[in-house]
Amino acid sequence: MAHRWSNKLTHADVTPRAAFLNRRQVIAGLGGLGLTGLAKPGAAQEGLEPNTWEEITSYNNFYEFGTRKDDPAKYAGALTTEPWAIEIDGMVERPGEYDFKDVMAEMTVEERIYRFRCVEAWSMVIPWNGFELADLLNMAGVQEGAKYVAFETALRPDEMPGVQFPVLDWPYREGLRLDEAMHPLTIIATGIYDRPIPNQNGAPLRLVVPWKYGFKSIKSIVRISLTEEEPPTSWNMAIPGEYGFYSNVNPNVDHPRWSQASERRIGGGLFAKREPTLMFNGYEEEVADLYDGMDLAKNY
Ligand code: MTE
């Protein structure tokens with residue numbers, strides 16, 4: 001169902017919270033997708049309570065609109081998200097400019113409730129709506145020999161007050177290894193709580209890779225390139241000693257300036273106990289084999 005929110009009343013408007021939570025438990029099974037493990041990772045997944053809409057949409061990182069947590073909610077409204085095109089190029093069979101609406105007509109949108117762990121050691125649980133990145137890549141047809149996927153955010157100085165500051169080398173860039181990109185947990189999010197994704201969260205489409213630190217989840221994507229070489233990525237270019245290409249959530253590998261062993265859950269209140277950070281953010285069972293034989297301390 002591509003456009004669940006095209007009805008005037010959204011799911012969130014008409015479904016009482018208790019009913020939402022029941023449905024969530026059913027979906028968390030994701031049995032048919034071969035993702036039954038998703039519901040399991042020990043205590044990690046049980047009782048995953050999503051953050052509120054208000055929390056998810058008011059505490060953001062989207063430096064194109066400023067570096068304060070409330071800047072994106074204040075300024076991202078200026079971003080024109082319609083029409084929107086995504087250039088898919090590099091090692092693909094069908095390169096070109098894909099209209100976002102045309103893409104959506106082909107995709108199956110589903111709900112994925114994922115933990116979201118920022119490298120700054122705060123976390124949320126977010127009920128995304130989206131489709132698997134693999135479906136989009138297959139639409140363009142990945143050529144043999146492609147090994148990486150590079151992503152780019154829109155760069156619009158007229159609409160993005162933050163890009164006048166050289167915080168990063170704009171446009172924001174990210175990348176994944178092809179097998180990470182094709183993993184069924186990796187999604188392109190287009191909604192939250194069954195509503196269109198707000199601009200501050202990366203409208204109209206952003207990446208979500210739940211086992212990696214949040215900065216890998218690049219927002220407002222305008223370009224996807226299939227490459228043979230590992231692509232340059234914004235945070236790695238800015239501070240290579242602190243932010244690696246992989247950036248898998250790992251409680252055993254500290255950031256040079258702070259511990260990654262625990263996290264502060266947004267919405268938990270000022271005196272809430274920090275929670276232990278889980279290996280691969282709780283998705284170890286699903287993704288650990290992608291990194292078999294790799295030294296995760298070196299490939300941070
Ligand atoms: N994408 C772009 N284009 N610009 C950014 O500044 N910030 C990243 C990531 N994607 C960022 C981005 C970081 S550091 C995080 S933690 C997440 O977006 C935050 O996503 P959220 O605001 O939806 O929680």
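Strands here are DSSP runs of at least two residues, numbered from the N terminus. With that in hand, a walk through this predicted model can start at the ligand and then move on to the backbone.

The ligand has plenty of company: 17 residues surround it, and the closest are Asn60, Tyr63, Glu64, Thr153 and Lys219. By residue type, this shell splits into eight nonpolar, six polar and three charged members. As for where the ligand sits, the space it takes is the largest pocket.

Several asparagines turn up among the polar contacts. The side chain of asparagine 60 places an N or O atom 2.8 Å from an oxygen atom of the ligand. Asparagine 201 also uses its side chain, with a polar atom lying 3.0 Å from a ligand oxygen. With asparagine 61 it is the backbone that takes part: one of its polar backbone atoms is 3.3 Å from a nitrogen atom of the ligand. On its own the ligand would expose 540 Å², and the protein buries 98% of that.

Away from the ligand, a search of the whole structure turns up 17 salt bridges. One of them pairs aspartate 89 with arginine 223, whose closest N and O atoms are 2.9 Å apart. Aspartate 89 belongs to strand 1 (residues 85–90) and arginine 223 to strand 10 (residues 221–227), so this pair ties together parts that lie 134 residues apart in sequence.

The backbone has a few oddities of its own. Most peptide bonds are trans, and most residues other than glycine have a negative phi. Against that background, the bond joining tryptophan 170 and proline 171 is cis, with omega at about 0°. Proline 171 sits in the loop that runs between strand 5 (148–153) and strand 6 (173–177). Another cis bond leads from alanine 203 to proline 204, this time with omega near -5°. Here the proline, residue 204, is found in the loop between strand 8 (195–196) and strand 9 (206–208).

Then there is aspartate 194, which is not a glycine and yet has a positive phi of about 65°. Aspartate 194 is also a loop residue, placed between strand 7 (187–192) and strand 8.

Note on methods. Residues are numbered from 1 along each chain as its sequence is written. This is a predicted model: local features need pLDDT of at least 70, side-chain atom pairs count only at pLDDT 80 or more; totals for chains, interfaces and linings use all residues. Side-chain values use heavy atoms; hydrogens and water are left out. A residue is near a molecule or strand if one of its heavy atoms lies within 4 Å of it. A polar contact is a pair of N or O atoms within 3.5 Å; within protein, one must be able to donate a hydrogen and the other to accept it, and residues adjacent in sequence count only if both atoms are side-chain atoms. Accessible areas come from the Shrake-Rupley method with a 1.4 Å probe; for residues, only the protein chains shown count as cover. On a 1 Å grid over the protein atoms alone, a cavity is a set of points where a 1.4 Å probe fits but cannot get out, and a pocket is an open set with protein on both sides within 12 Å along at least five of seven lines; lining residues have an atom within 4 Å of a point. A molecule sits in a cavity or pocket if more than half of its atoms lie within 2 Å of its grid points. Ala, Val, Leu, Ile, Met, Phe, Trp, Tyr, Cys and Pro count as nonpolar, Asp, Glu, Lys and Arg as charged, and the others, Gly among them, as polar. A salt bridge is a side-chain nitrogen of Lys or Arg within 4 Å of a carboxyl oxygen of Asp or Glu. Helices (H or I, at least four residues) and strands (E, at least two) are DSSP runs, numbered from the N terminus.
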